[in-house]
Amino acid sequence: MSVDAANEPWDILYVSSVPSRAEFDRIRSALKPGVQEVSYGMAAASFRFHTLIMEGMASAGARVTSVVGRPVSPRFHAPVWWPRSAEPARGGVRVIHPAFVNRPVVKQVGLAAGLARQTWRWRRDTRQSLRRAVFVDGSYVSAMPGVLLALWGAGAPRVGIFADLYSYMADVADASDRQVDTVHKISRRVVRRCLDSLDAVVVLTSAMDALINRESKPSVVMEGLVDVNQSARAVSLANRHTHPTALYAGALRREYGVEDLVLGFRSIPDPQARLEIYGQGDYAEEVRRHAAEDTRITFAGTVPVEVVLEAEERAWVLVNPRPANQEFTKYSFPSKNMEYLASGTAVLTTPLPGMPPEYYPHVMLIDESSPAGVRGALERAFALGRGELHRRGERGKEFVLTSKTNTIWAGKLLALARRAGA
């Protein structure tokens, strides 16, 4: 790369299913009556993950064009026609949502063509750029073939970002309960060809890198990231509850250890102890029943993000009870742990295989994935007292805000693109 090129801003194409903030709200408002937000596929965690990456790149001076296949389906959303939407650049990120017809098969084919067309236009418009690169959400399997084909011979490094081990990518025993039929087998072959054509990969864990990156191409393990603006939120000890309070915020599923958390807490005899639970999922009704039987438990359901953040800052400890003995945990790093650490509240988690060793000094551990294991961990945490837990939370926040922010990771991802294109 020439000296002139090294001083030029990056032109970045980011292809994903993550819409703009305004369009994200619109998609949620278009859900059919009776559809729960957690069931239709556009998780807030995924939205936040990719949005923070793009905002971090823009803060580094990159010109980011986000081309989005909106996460809309005939099953969950009523409108049939979704017109093209192009939003002007805000904070260095321009967002384009190609049009599509919200009907089975037609939607996937139409969106794949639309994304490929927008990719070609970006390629044409940035042909004079001295530094350009393409980042593709690796889980967006229907978009990858057309997008990569439109980039063939462009000279722009192609980087896949894998925030999830999608069931097409590999046969991981408990990563998916989906039956592997002929269509899925063909899809996996197509995806594998796409993976092999990438110039670099970004993964959540080293186990994912070993599984996906068979040709040992340039890679970065990025287990998660936090918003650099989180540093502006100050949490004081005086803001904490006066009684021992644990909090869980996320998907309410038995396989995520929520049942262990509820049953373990209920077995704690301390009448002053409290458990607050936020979220929705197939275990929500059970949580509601337990809350009715034990007044120490508060079930708030789905509430705005700001409400959850404020609740996290008042709690003594934030709990992630996800069992660590399931195979797919080697290929994941819960965004919940990053959110928890950034809140400035002490974190209690299972020793997940995908969690790098550098995190262990900044969290407390649940030694056994069972109600008894959760109870013991909670009692040990509460025994430390409000002041000590507050200090631990402050240290955890300092750790992620000095090493895991979106601006820090943006620099590393752009460096990865530079290596891949060298």
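**Burial, contact and pairing in a predicted model**

Visitor: Why is Trp81 called exposed?
Guide: Trp81 has a relative accessible area of 52%. Exposed means over 50%, so Trp81 qualifies as exposed. The model is a predicted one, and the value is computed from it. Trp81 belongs to strand E3, residues 81-82.

Visitor: What makes Trp81 part of a surface patch?
Guide: Trp81 forms a nonpolar patch with Val80, Val101 and Val106. Patch members need over 30% relative accessible area, and Trp81 has 52%. Together the four residues have about 350 Å² of accessible area.

Visitor: How do you know which stretches the predictor is unsure of?
Guide: By pLDDT, the predictor's confidence in each residue, from 0 to 100. Residues 38-42 stay under 50, and the model has 18 contacts for them beyond four places in sequence. Residues 167-178 are also below 50, with 32 contacts in the model beyond near neighbours in sequence. For the protein chain, the average is 88, and 91% of the residues score at least 70.

Visitor: Why is Phe49 called buried?
Guide: Its relative accessibility is 12%. Buried means under 20%, so Phe49 counts as buried. Phe49 sits in helix H3, residues 44-59. Beyond four places in sequence, Phe49 touches Ile161, Ala163, Leu204, Met222 and Leu225. Its C-alpha atom is 8.2 Å from that of Ser335, a residue 286 places away along the chain.

Visitor: Glu313 carries the label buried; what makes that label fit?
Guide: The relative accessible area of Glu313 is 7%, and the limit for buried is 20%, so the label holds. Glu313 lies in helix H10, residues 305-314. Its contacts beyond four places in sequence are Arg233, Val235, Asn239, Arg240, Ser343 and Thr345.

Visitor: What makes strand E14 covered on both faces?
Guide: Val317 and Val319 on one side are buried, as are Leu318 and Asn320 on the other. E14 spans residues 317-320.

Visitor: How do you know that E14 pairs with E11 and with E15?
Guide: A pair needs at least two bridges. Strand E11, residues 245-249, has 2 bridges with E14, so this pair meets the limit. Strand E15, residues 346-349, has 4 bridges with E14. Both pairings are parallel. Ala246 stands opposite Val317, and Leu318 stands opposite Val347.

Visitor: Why is the contact of Arg26 with Glu23 called a salt bridge?
Guide: The distance from N to O is 2.9 Å. The cut-off is 4 Å, so the pair counts as a salt bridge. Both residues lie in helix H2, residues 21-29, and are 3 residues apart, about one turn of the helix. Glu23 is buried at 6%, whereas Arg26, at 33%, is partly exposed. The structure holds 24 salt bridges.

Visitor: What makes Glu293 and Arg266 a link between distant parts of the chain?
Guide: Their side chains meet in a salt bridge of 2.8 Å, N to O. Glu293 is in helix H9 (residues 284-293) and Arg266 in helix H8 (residues 258-266), 27 residues apart. Partly exposed lies between 20% and 50%; Glu293 has 46% and Arg266 has 28%, so both are partly exposed. Through shared salt-bridge partners, Arg266 and Glu293 join one network with Glu286, Arg289, Asp294 and Arg296.

Technical notes: Residues are numbered from 1 along each chain as its sequence is written. This is a predicted model: local features need pLDDT of at least 70, side-chain atom pairs count only at pLDDT 80 or more; totals for chains, interfaces and linings use all residues. Side-chain values use heavy atoms; hydrogens and water are left out. Patches are made of residues with over 30% relative accessible area and no salt bridge: like charges are joined within 9 Å, nonpolar side chains (Val, Leu, Ile, Met, Phe, Trp, Tyr) within 5 Å. Accessible areas come from the Shrake-Rupley method with a 1.4 Å probe; for residues, only the protein chains shown count as cover. Buried means under 20% relative accessible area, exposed over 50%, partly exposed in between (1.4 Å probe, protein chains only). Contact means heavy atoms within 4.5 Å.
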